[in-house]
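Hello,

Here is the structure I promised to pass on. Please have a look, then read my notes below.

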Amino acid sequence: MTQSVVIQVGQCGNQIGCCFWDLALREHAAVNQKAIYDEAISSFFRNVDTRVVGDGGSISKGKICSLKARAVLIDMEEGVVNEILQGPLRDVFDSKQLITDISGSGNNWAVGHKVFGSLYQEQILEKLRKSAEHCDCLQCFFIIHSMGGGTGSGLGTFLLKVLEDEFPEVYRFVTSIYPSGEDDVITSPYNSMLAMKELNEHADCVLPIDNQSLFDIISKIDLMVNSGKLGTAIKPKSLVTSSAGAKKRQEKPFDAMNNIVANLLLNLSSARFEGSLNMDLNEISMNLVPFPQLHYLVSSLTPLYTLADVNIPSRRLDQMFSDAFSKDHQLIRADPKHSLYLACALMVRGNVQISDLRRNIERLKPSLRFVSWNQEGWKTSLCSVPPVGHSHSLLALANNTCVKPTFIELRERFTRLYRKRAHLHHYLQIEGMEESCFTEALSSLSALIQEYNQLDATKSMPAEELPRLSVAV
Amino acid sequence: MGRRRRRRRVDPADAARALPEAIAALSQTLPAGPSPETFRRAKFDRPEAAPALWRLLFRVLSPQLADGASASFSPEAQVRSVKLALRTQGYPRRALAQLPDDGSQGGRELLLALAWLLARGPLPERLLTQNRVQLGDEMPVCECEALASPGPPAPSVEADGCVDIRHLQWLMGKLRFRWRNLMASQQEQCALLGKIHSYTRGCHSDRSLGHLSVTETELLRDPEGGRQLLQRLERENARLQAALEWRRRELVFWRWMDTVLGACPPEASQPTFLPRIPTPGTGALEPLVRELQALQGELREAVEARRAAWEAGVGGRGPEWSAARTALREAVGQDLAALRQACEQGGSCSLAQPHGPHRLVRTEAGVAGGPGLRAPEVIEALRSQEARLEVVLRQLQGQCRQELARLVGAPPGPVWILPPGR
Amino acid sequence: LLPCPCSQHTLAELRDALDSCAERQRQLERSLRVSRRLLRAWYADPGTTRLGLPRAVRTPLSDPGPACIPSPQDLKELELLTQALEKAVRVRKGISKAGEGNKAPSLKSGSIVTSPATRASAPPRTSHRAGSRASETKPPRGIRQTRVPTKDLPECRLLSVGDQACMGQGAGDTKPKSGLRNEQIVLSAASQAPEAFTLKDKGILLQLPEAFRKAASRNSRLRRNNSRKGQSYSRTQGLSMTRMQSGWPGPRLSATEVEAEVRHLQKACLLLRLRMGEELMADPQDWMQEYRCLLTLEELQAIVGQCLHRLRELCTGEACPARGRFPRASLPCGGGADPIWSPQLLLYSSTQELQTLAALRLRVAMLHQQIHLEKVLMAELLPLVSKQEPLGPPWLALCRAVHSLLCEGGQRFLTILREDKPAD
Amino acid sequence: MSIVTVQLGQCGNQIGFEVFDALFSDSHCPQGLCSKRENEAYQASCKERFFSEEENGVPIARAVLVDMEPKVINQTLSKAAHSGRWKYGQHSCFCQKQGSGNNWAYGYSVHGPRHEESIMNLIQKEVEKCDSLNGFFIIMSMAGGTGSGLGAFVTQNLQDQYSNSLKMNQIIWPYGTGEVIVQNYNSILTLSHLYRSSDALLVHENDAVHKICAKLMNIKQISFRDINQVLAHQLGSVFQPTYSGEGSFHYRRNPLGDLMENLVPHPEFKMLGVRNIPQMSENSLAYSTFTWAGLLKHLRQMLISNAKMEEGIDWQVRPPLSGLPTRGKMSLNKEFHFNTSIANLVILRGKDVHSAELGAFKDPALYTSWLEPVHAFSVWKTQRAFSKYEKSAALVSNSQFLVKPLDTIVGKAWNMFASKAYIHQYTKFGIEEEDFLDSFTLLEQVIASYCNLGF
């Protein structure tokens with residue numbers, strides 16, 4: 001079995017990470033009742049004998065002693081990390097996994113990338129190597145960060161290059177939180193633009209997520225829950241937005257949103273559990289990335305909650321599939337149905353069979369548009385273990401030109417600032433930053449947009465059969 | 001022989017008994033041989049002798065049939081089969097072919113045909129070899145019989161004429177599968193033989209063998225089968241005995257046959273019908289001629305070049321040279337004697353190698369056993385033979401490739417995509 | 001479609017090859033059936049037929065009869081053996097189920113406890129043998145799978161008529177083996193309890209029936225005599241045959257004989273070509289060798305000439321049976337002087353060796369067949385390629401098939417693409 | 001003679017388990033409807049082919065399990081062990097930690113060479129357990145990465161190392177859509193490589209089996225297990241013992257050899273399909289009776305109309321009148337109806353099997369013009385009923401049935417190839433565009449050859 005290491009960078013990254021570890025623990029606790037350290041748990045956790053002093057206490061089999069997250073926590077401010085270390089999850093981490101500073105990156109990509117990057121490179125590498133050593137077969141790094149800030153965006157993308165050089169065989173899956181339009185960070189267009197170039201070049205897969213979409217989803221759930229009609233009918237602990245159903249809602253504003261992302265990551269790595277059609281992480285980029293640069297996957301998660309009624313009529317099951325393609329359920333503001341699919345993956349968990357999957361694909365296919373050379377671009381998986389609180393769930397990943405508007409909007413916001421050269425000096429004063437960094441980032445993103453444009457253009461062209469090799473006799 | 005003949009002449013009483021005894025011996029040697037009386041009657045072309053002789057000839061000419069199997073052929077079928085077989089073997093008398101198919105006539109003609117067959121080769125011995133009771137587990141160490149055609153090629157039954165070349169490909173593929181199946185069966189057979197031999201080690205009273213063969217073991221396991229085997233063996237012994245007897249007395253028979261021949265109306269002495277050469281025969285002749293001619297050409301070229309070079313280089317030498325020359329000539333003569341013999345007489349069989357069936361005996365690896373061929377030697381010889389043949393095959397295929405490339409030339413239009421090499 | 005004569009000829013050749021393979025397969029199957037039946041009866045439960053696993057066989061010999069069995073009773077004894085063999089595994093199972101101890105009371109009554117399995121681990125009689133046997137049967141499955149309860153007993157307790165003492169006590173290699181074998185050896189009359197035996201031991205106890213042994217030795221004697229006689233027969237016939245055939249046209253070759261001759265000449269041609277290749281490849285070191293090489297080539301040239309001459313005779317139909325010998329088709333494996341009558345021995349030391357030998361033999365035979373077919377097909381098909389009008393689809397199809405058959409041994413095939421479309 | 005099975009990848013291992021389970025259940029089925037003696041011989045023959053026996057009497061499948069990730073193998077091993085009836089050998093599996101990620105190139109060029117020695121050693125050990133090796137079953141999917149890529153690699157190695165043994169690849173043809181996005185690439189690479197190294201490709205189409213589950217087995221929510229069980233049933237109906245010949249009561253020793261000699265001698269025609277009849281849920285079986293005439297009539301129509309199951313057969317399809325030039329080149333564009341065969345093998349099991357009349361399969365119009373029915377048709381029989389079916393028939397057919405699916409796959413792959421999509425994933429591991437082109441060329445030829453059967 002393979003293992004993955006989660007690298008959470010910056011405030012946003014660490015907050016999401018925190019939710020992720022909480023959920024992951026609960027998921028494994030629900031599946032693994034006997035508290036035996038098995039291969040499924042091993043993919044995200046080490047089992048450590050705490051009585052052994054030092055570092056050599058990993059136990060590969062037997063009872064669970066003390067679980068340690070396979071994670072590296074990086075922030076250039078102490079706040080969030082300290083909070084985690086004082087919270088309920090404190091036992092899952094130890095100080096050897098942390099890298100913190102006190103000064104912060106000041107919402108400046110260049111500070112995160114250039115200053116802290118070179119300052120902490122060795123230290124970060126050291127921790128990464130250590131975490132890799134603890135793995136039997138390291139398959140994937142999950143990087144969680146935001147695009148708009150300084151540390152997550154700058155240092156987070158700096159990491160990508162380091163990882164690529166140091167661990168070329170290990171996949172780099174990046175969960176990037178894109179800023180909303182009315183973002184309070186003024187320099188976020190610069191930061192995002194500069195980060196985009198790094199994502200373009202050094203990530204295997206990027207799952208773009210924007211805060212606004214998460215917020216909309218929460219509002220919708222709130223509406224449902226509070227409308228009274230459904231309130232009691234919703235099965236406890238089944239909301240994708242809460243880490244613990246009993247907990248008082250919305251202690252922190254971002255908790256619910258972060259939980260959605262945490263759920264996304266857990267479903268993405270469902271190959272930890274057995275199923276009749278496994279989908280390993282390495283299959284994701286293989287199936288969904290037709291060209292190296294086009295590795296941005298739009299994701300959606302359904303159902304958002306489960307009704308307490310245990311009998312799921314298949315209509316409800318089919319509803320789950322329909323929802324996954326609707327605009328409202330995307331974790332980024334995008335409408336895949338009205339754009340062009342390059343490829344699509346459906347990762348199903350729980351009590352769903354291949355025939356359900358096939359029926360729904362057949363049903364939905366006519367309403368979707370696929371690129372001419374990939375008319376049947378479906379990848380599916382069946383994992384028999386559902387998420388906690390659910391009987392079944394679906395994660396849809398789409399390589400779809402519908403991400404293009406997000407990028408275009410980002411470019412526009414960037415151009416607006418850049419035209420005025422506003423705040424540019426904050427960046428240019430950093431060693432190693434030059435104007436060319438901005439222009440190169442801009443052309444990189446433009447090239448990407450252009451690629452999507454070209455694909456979109458094929459939408460209107462009639463599908464033609466290409467002449468095949470012609471055999472004489 | 002001469003001595004024996006004199007002795008016969010000395011004792012006339014013997015001579016009077018000699019003919020029936022000779023015929024009896026012959027008859028006993030052959031499968032389903034009739035009584036001497038039948039022969040006597042056949043000489044006078046009595047119809048009652050005919051059926052027995054047809055049967056006899058049928059058995060003689062289809063030796064591969066087991067004892068019971070011939071009964072399944074109707075008399076007519078037997079007669080026709082005999083006529084056909086004799087014809088393909090080149091039997092010259094037309095009278096036989098004109099006999100009715102019901103097998104009611106032709107005693108004397110059949111007698112002549114039998115004599116003709118006897119005169120052509122060691123018929124009794126051949127029959128005794130072909131159907132001999134095999135006691136040991138045998139393996140021929142030569143390739144004389146290996147995968148040879150099991151009998152005379154059936155006269156082409158296929159009336160459908162032309163075939164698609166894909167049909168040939170199909171048959172070729174089938175052949176490849178059969179080879180592989182043979183290989184698998186043979187491996188299994190060897191494994192089983194090895195087991196039986198090692199389990200029965202020490203069981204055989206013949207110390208040079210040491211263990212039992214399959215037949216012998218089966219005999220132990222199945223007393224009833226053993227009894228039958230014993231009977232067959234005894235029958236064969238009787239036939240062998242008779243064969244010895246026949247050899248001693250055959251001269252009398254031939255003299256008698258002369259009188260039979262004398263009683264026959266002579267046929268036109270013209271070659272009435274040439275042996276019918278079946279298509280595979282003629283087909284094989286032409287390419288073989290070409291092949292030999294090509295070989296001759298290549299040799300001539302090589303020889304001429306070398307002789308010229310030789311004469312230009314070392315041509316004249318002293319008297320000591322002529323002695324060496326003679327010695328060399330002799331050495332080469334000896335060297336190629338085996339090859340020459342092989343070419344004249346019988347393929348690879350007559351090479352100095354051992355051949356014929358050998359009884360398999362399992363021995364201890366380290367023990368210096370008694371007489372007998374050792375497997376590693378045979379393996380060695382086979383390996384080199386295999387390597388040589390593979391070279392030949394590759395050469396032939398290469399030749400075909402070149403020839404095809406030449407014929408195809410470089411026509412504009414299609415592109416040839418060869419299967420990728422591995 | 002191929003033209004008729006070509007079809008007929010190639011078809012006939014291929015069918016011939018197929019038939020000969022099928023025939024060989026049939027022969028093999030026959031003997032396989034016998035061997036398998038033997039081994040099954042030996043060590044397997046006839047019900048579930050544990051094919052292929054050597055097992056120790058143990059059986060009760062309820063009453064082995066009088067101490068000295070005269071040869072007329074051999075057959076009766078054999079019947080007993082067969083029954084015993086059939087019971088063997090059932091009893092063996094019973095023994096192993098009932099536990100190890102209670103079924104081995106016959107320690108002093110001449111139990112023979114060797115088995116293929118135990119022999120490998122606990123060598124009977126001759127210890128050096130067992131060692132080599134263990135190494136020759138590669139995976140010694142029996143060892144792992146069979147537990148013979150009486151393994152620790154003295155391996156061999158054969159009791160001969162004259163000598164009631166235990167022969168094999170302790171080290172077995174001192175025992176005079178052949179002496180035992182030739183005597184009548186039976187179990188002690190006292191033996192009433194179940195005992196184990198192997199076939200080997202049975203074989204010693206129950207030799208091949210005397211009548212059979214006599215017949216067999218008579219058979220080989222007769223064959224030897226016959227073979228000696230066989231050599232002189234041609235002269236005997238020489239005289240009368242000429243008379244016999246005076247009224248007939250001269251002896252001609254029959255079709256089968258012509259065919260045999262042709263086949264033989266084909267082989268000769270192959271041998272000659274091989275030899276020529278060797279000679280041309282040789283790199284003479286001095287003038288002696290060079291001269292020798294030249295002489296060899298000349299000699300080869302002469303032999304080829306003779307072959308050609310003979311072949312021309314065959315072509316014109318004027319061939320007589322070769323000088324001084326009878327058509328070689330008349331006897332299997334060459335002339336009548338061959339020692340076919342009493343087979344010589346071929347010694348092998350392990351199953352693997354035997355398998356290698358057999359596989360190589362078959363491989364060589366196949367190569368002969370393949371080369372022959374290759375030549376036939378070359379002769380028939382290549383002219384067709386040159387004759388047909390090029391570039392039409394039938395011609396292309398022909399080329400493809402011919403290429404596959406002649407250049408790839410019929411295993412692989414090429415593709416012909418039209419060039420009017422781009423290749424990628 | 002014994003057959004060694006190599007189960008590769010998730011699909012191969014899941015199916016392998018069901019196959020052995022089906023073989024075992026059938027041979028121990030009390031409803032064999034034949035004498036005890038006969039039943040024992042049947043069992044013995046089945047066991048010799050597919051199982052070896054251990055000391056404690058539990059049969060051990062002659063199988064090697066290979067996967068590049070451990071989950072499925074662990075699951076398979078424990079399922080077999082829990083059944084208690086048969087099991088896998090203790091040391092007969094090989095797995096690694098990380099799969100091939102649906103990348104054929106990774107399976108073929110990375111996993112293959114890296115683990116060649118270990119895998120071949122395992123196989124050799126299994127081979128040594130056989131007194132006599134008949135050949136190999138290699139069970140694999142062609143869509144994924146491990147089964148397809150590593151499977152192709154292993155098959156090639158088997159061809160090199162056991163050139164005289166027979167190799168039959170059981171290939172699972174992916175759903176037309178929705179399994180793996182790069183399945184068409186993986187498929188053409190697999191097929192073209194197997195065409196060079198395997199003797200026969202026995203193809204099972206997921207779509208067809210799925211339909212059988214829905215229509216004949218009446219399963220509402222179809223799982224992979226259901227599909228695999230139908231598939232295992234089909235394989236069992238072919239490879240369980242049958243008599244070695246007409247009138248013989250010996251069981252066939254060399255099923256693979258006999259099958260291949262009859263069906264796949266031509267190097268361009270190696271694709272086989274299986275059809276079987278009847279196929280139904282156990283509940284319906286209890287209320288059904290069959291006649292040989294009825295079964296064979298349906299089976300024949302299934303063959304000529306290219307129906308995968310007895311439901312929905314097009315009865316309008318008739319063989320072309322022989323002699324008329326209707327048997328022209330099969331056109332892929334036009335809807336074609338009649339499925340021309342190269343060769344067929346019918347396997348009959350059950351009561352009164354001797355009375356079954358097979359003349360309808362010997363009609364020359366069913367076959368390509370260059371093979372006579374006498375060369376193209378063969379029958380295997382046994383009186384022993386198969387898996388609770390009083391009478392059942394299976395058909396292994398080398399015919400045009402796969403031309404369409406193959407053409408579709410090649411076409412889709414070609415479309416994708418023309419846009420160069422996903423190619424970088426393959427070149428990363430050494431499979432170049434040239435290799436793709438080789439594969440396309442070979443398969444276009446195979447398609448053309450099957451289409452040209454009538455010529």
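The notes cover the contact of two chains first, then some backbone points.

This is a predicted model: local features need pLDDT of at least 70, side-chain atom pairs count only at pLDDT 80 or more, and totals for chains, interfaces and linings use all residues. Residues are numbered from 1 along each chain as its sequence is written, chains are lettered from A and ligands numbered from 1 in the order written, and side-chain values use heavy atoms, without hydrogens and water.

Chain D and chain A each put 54 residues into the contact (heavy atoms within 4.5 Å). The area buried between them is about 4,400 Å² (accessible area, 1.4 Å probe, lost on being put together, summed over both parts). Carbon and sulfur atoms give 52% of that area.

Four salt bridges link chain D and chain A (a side-chain nitrogen of Lys or Arg within 4 Å of a carboxyl oxygen of Asp or Glu). Glu444(D) and Arg468(A) form a salt bridge at 2.7 Å, N to O.

Now the backbone. Thr302(A) and Pro303(A) are joined by a cis peptide bond, omega about -15 degrees. Another cis peptide bond joins Ile277(D) and Pro278(D), with omega about -10 degrees.

Two residues other than glycine have positive phi: Ala35(A), at about 55 degrees, and His423(A), near 55 degrees. Ala35(A) is partly exposed at 30% relative accessibility (between 20%, under which is buried, and 50%, over which is exposed; 1.4 Å probe, protein chains only). His423(A), at 28%, is also partly exposed.

Best wishes

Technical notes
Buried area = accessible area lost by both parts, 1.4 Å probe.
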